Structure formats: structure tokens, C-alpha cells
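Please examine the sequence and the structure shown below. The explanation that follows proceeds residue by residue.

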Amino acid sequence: MGCFFSNRRKERPKQYSWDHVDPKDYMFSGLKDETVGRLPGQVAGQQFLIQDCENCNIYIFDHSATITIDDCTNCVIFLGPVKGSVFFRNCRDCKCTLACQQFRVRDCRKLEVFLCCATQPIIESSTNIKFGCFQWYYPELAFQFKDAGLSIFNNTWSNVHDFTPVSGELNWSLLPEDAVVQDHVPLPTTEELKAVRVATEANRSIVPVSRGQRPKSSDESCLVVLFAGDYTIANARKLIDEMVGKGFFLVQTKEVSMKAEDAQRVFGEKAPDFLPLLNKGPVIALEFNGDGAVEGCQLIVNEIFNGTKMFVSESKETASGDVDSFYNFADIQMGI
């Protein structure tokens, strides 16, 4: 007598997307004296691992989920936008450019990092770690930031927290403001990777190049808030170019959602003018520094952006309060 189930069609085992992933495609391991990389579209949001590499140039021209770099020595590394964390462990004498949500370093020494990080960078049990602002461009990079869920305006690259400080010593510092990115992280030389059209000039960088925690050159700062619209990002970039071109410094930027109570605290008596605009999406805030920054910014806004709704500090006496009020609120919102 046949089995009761013998006529039933055998069920196929379920298949998942990760069944077709070869881990070797998302890993560089045990390499020495090589230039390697991944082109746009070749990582597509997967996790990536770099380990046990020496004297290598490594370029990941795509967005990824998380990246771990272990036991690497004397390597040059570029990482496209990372949705989660980048974690360096037991590395030394490496130079990097990268963008991520979270950045961590543990048991490392002598790293140079041009960084875009949405949250406070963390170092632990590490020495001689130097930071600069992310400065990089290629045509696919803006879309990769979007795919990774990162804003080009949320960059706390210089607000570093050291979990293991040593009394009387500084385990980290900032790279010179005039440091040339390409001198530290050179462009790739292989024919395959050269096909990615990279530029490293500050005025072409996807991420606005900011001074961060460096000492301000003037007691006068200006806060500008741009409200969500069709051309908000383009307007922010144009304003930065105009202000920097006139000799002012971009200190920091933020993109964050605001509620009515937030607007009251930041904009004061002008809040009612801006409340209807807050429902359209996050605002972008820019802080500029330099003697005459407030007047200079107001002139540019009136000449170039006439008719575009923006909040601009009214005077240098109130500007510092506007700046502190907004960025304290923004840092709380972002959990920094």
C-alpha cells in the first residue's frame, strides 16, 4: 500500500535573496600591494568586509549596509556612503575618505580620515587619529547618499568622542585646514576604477566642506535656514558657493525636521511666518563665520534669492543666539 503522502508534489525549499550572494564578492581579505575596488552598482547596499590587507589601495564606489576594516596596515581606503556603521579595528598607518551613519575606531594608531558622519565619531584605545572633512565627487555619489539614507548636510566629522582619554595627551586631532585630500587619498590608477569620474576639489564635493570644531576666525557668525522646496539643496549649495567666494567660512550644516514649538524657540517673533513651511519637510541650516557675515549673507540672499523664503540672522548681536539655539535643538533631535 502506497504512502498516503506519496502523490503529493514535493515542496521546493524557499529561496532568499542572500542565497545568491557570494561572500567573496563583498570582501577584500589577505591582499598585499594591490589596487582593488568595486564600481557603482556592484555592492548595492550589502555588507562589506576588509581585513588583513597591507600596502593596498581600496575603493568602494557604491553604497553599503555596514563595513568593517580589521588588521589593515598602510592602506588607502575610499568608502562610498554606508547606511550603518564603519568600524576600524587593529589598523595602523591608513588613510581614508568615507561617509557613514556611525564611525568607530578601536585599537588603531596613525589613521587619517576625511569623514562625513551623521553621528558623533567614536575612538577607543587608539592614538594619533586625525580627522578632516569629507571632500569627494563622482556622478553616482549623490544617488548613493540617498540610497544609504544619509544627508549631505548632517556631518559631525570634527565632534569626536574619545572613550579612553589619557590625561595630558590627545589621542586625536584635526588635519590642517589646507590639507589636500588627493595627497592623502589619491585617485585610483587601474583602468577599471579610473572609469569612475572622481573629482576632489572642495567646490565640487558632494558634502559641503565645513570648518567644524576648528577655532572661528571671527566673533561674528550668521545662521541661515532654508525651508523644504523643489530647489532647497541647490539653493543651499549656491549660497555656500557665494559666501565662501566672498571670503566667509562655512562652519557647520544641519538638515532636520522642526515642529511648531521648535520654531518658536529658534525663530522667536518671526516664527508665525515660517510655521506653514515646516510641514513641507526638513529644513537645512547653514552657519557662516567672518567679519560682516550677517550683512554679507543678507545682501546675497536679497540679490540672488529674492522671493525665496529663508530665515537669516538679523544682526551680529543676535546671530550667536540664533546659531546656538538652532544647533542645540538640532543636536538633541539627532541624538548627538
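Proline 208 is in contact with Cys133, Ile152, Phe153, Arg237, Ile240 and Leu250, when residues up to four places away in sequence are not counted. The model in which these contacts are found is a predicted one. One of the partners, phenylalanine 153, is 55 residues away along the chain, yet its C-alpha atom and that of proline 208 are separated by 7.1 Å. Proline 208 itself belongs to the loop that lies between helix H3 (191-194) and strand E13 (221-226). Its relative accessibility is 5%, and proline 208 therefore counts as buried, since the limit for that class is under 20%.

A second region is marked by an annotation. An unreviewed UniProt entry assigns the feature "binding site" to Gly84, Ser85, Gln101, Gln102, Phe103 and Arg104. These positions are spread over 21 residues of sequence but cluster in space, the largest C-alpha distance being 11.1 Å.

Two of the annotated residues may be considered in turn. Serine 85 is located in strand E6 (residues 76-89). With a relative accessible area of 21%, serine 85 is partly exposed. Apart from neighbours within four places in sequence, serine 85 contacts Ala65, Thr66, Ile67 and Gln102; the last of these also carries the UniProt "binding site" annotation.

Glutamine 101 is part of strand E7 (residues 92-106). Glutamine 101 is likewise partly exposed, its relative accessible area being 30%. With residues up to four places away in sequence set aside, glutamine 101 touches Val82, Lys83, Gly84, Cys117, Ala118, Thr119 and Leu150. Among these partners, Gly84 is another position that the UniProt entry lists under "binding site".

Key. Residues are numbered from 1 along each chain as its sequence is written. This is a predicted model: local features need pLDDT of at least 70, side-chain atom pairs count only at pLDDT 80 or more; totals for chains, interfaces and linings use all residues. Side-chain values use heavy atoms; hydrogens and water are left out. Helices (H or I, at least four residues) and strands (E, at least two) are DSSP runs, numbered from the N terminus. Buried means under 20% relative accessible area, exposed over 50%, partly exposed in between (1.4 Å probe, protein chains only). Contact means heavy atoms within 4.5 Å. UniProt positions are given in the numbering used here, feature names are shortened, and annotations may be inferred rather than shown by experiment.
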